[in-house]
Amino acid sequence: MNTILQMQNVSLTYHTSKNETLAVQNLSFDCNEGELLGIVGPSGCGKTTILSLMSGILTPSSGEVLIGGEKADCHSGMTGYMLQKDELMPWRSILSNVTLGLEIKKQKTAEKIEYAKELLKKYNLYDFKDFYPNQLSGGMKQRVALIRTLVMQPKLMLLDEPFSALDFQTRLNVVEDVYSILKSENKSAVFVTHDISEAISLCDRVIILTQRPSQVKKIIDVSPLKELTPLQRRESPKFSAYFDEIWSNLQTTTEKRYETQNPQN
């Protein structure tokens, strides 16, 4: 199995005029082709920072981030970034929103426009190609945002809590849609979330981070559920055991942070 992402002893220090903050320390893990990798951790531990390192938006202070064997570079087109909100342009049609990245990269050829239309057809959005974002449901807009990223044909998808703005029922349905699309397109993805259930239902492995500076505390292999859909995973007898293991590790991390911040006299 080929490795698409390698994080090799990555550290990142933020510098200001008055001080410096170590955000990530000696972080090492990888993601294989076709794998969905989840990341969970305490609030403020730097999950989004790690995605920015993978995308090449940030450069590590030490260590290496490799995408397909090459140093992460935000201009390479190797990664596609899906944000918490769909960020669709309200004045542009759905098709025009999907092809926005192609315009920016000056890659809007007839062939790639046709590819965008094929994706819309494949995922039941073609009939809405001339609609505007305010005419679509929240779940449909998230699918459009995902297709906008897919049309750029990145090697690695980065998803930063993409369901957090949706209500619970819509989230369940959209997780099903996103999982189906990523698997159908055989995409590798790193998925940051604060929701343990989402991580288990969507991913093949779940990385648990420590408090800042972020390090890998534990990696939980949930691939025994790999053949199940997200909803089926939630109904599996193994689901609660995975949830308890991840929760226990997160609780331990949070307690240690509290003890550090509030030492006993």
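**A tour from the sheet outward**

Select strands β7 (residues 156–160) and β8 (residues 188–192): they run parallel and are joined by 5 bridges. Strands (E, at least two residues) and helices (H or I, at least four) are DSSP runs, numbered from the N terminus. Two strands pair if DSSP finds at least two bridges between them. Zoom in on M157, which stands opposite A189 in β8.

The model is predicted: local features need pLDDT of at least 70, side-chain atom pairs count only at pLDDT 80 or more, and totals for chains, interfaces and linings use all residues. Residues are numbered from 1 along each chain as its sequence is written, and side-chain values use heavy atoms, with hydrogens and water left out.

Now show the whole sheet. It is open, has 6 strands with mixed pairing, and follows the order β6-β7-β8-β3-β9-β10. At the edges, β6 (79–82) and β10 (216–221) each pair on one side only.

Add two helices. Helix α5 (residues 138–150) lies across β6 and β7, at about 165 degrees to β6. Helix α6 (residues 168–184) lies across β3 (36–40), β7 and β8, at about 135 degrees to β3. Axes here are lines fitted to C-alpha atoms, for helices over the stretch in contact; angles run from 0 to 180 degrees between N-to-C directions.

Pick Y81 in strand β6. Is Y81 buried or exposed? Y81 is partly exposed, with a relative accessible area of 24%; buried means under 20%, exposed over 50%, and partly exposed in between (1.4 Å probe, protein chains only). Beyond four places in sequence, Y81 has contacts that include T48, L51, T149 and D160. Contact means heavy atoms within 4.5 Å.

Next, colour the largest nonpolar core. A nonpolar core is a set of buried Ala, Val, Leu, Ile, Met, Phe, Trp, Tyr and Cys residues joined through side-chain atoms within 4.5 Å. This one has 47 residues, and L146, F163, I200 and I246 have the most contacts inside it. Apart from it lies another core of 26 residues, among them M7, C45, L51 and L158.

Finish at helix α4 (residues 110–122). Its end C-alpha atoms are 18 Å apart, which agrees with the 18 Å expected for 13 residues at 1.5 Å a residue; that span is 1.5 Å times one less than the number of residues. Select A116, L119 and L120, which are buried. The buried residues of α4 pack against α2 (94–98) and α5. On the face turned away, find the exposed residues A110 and E111.
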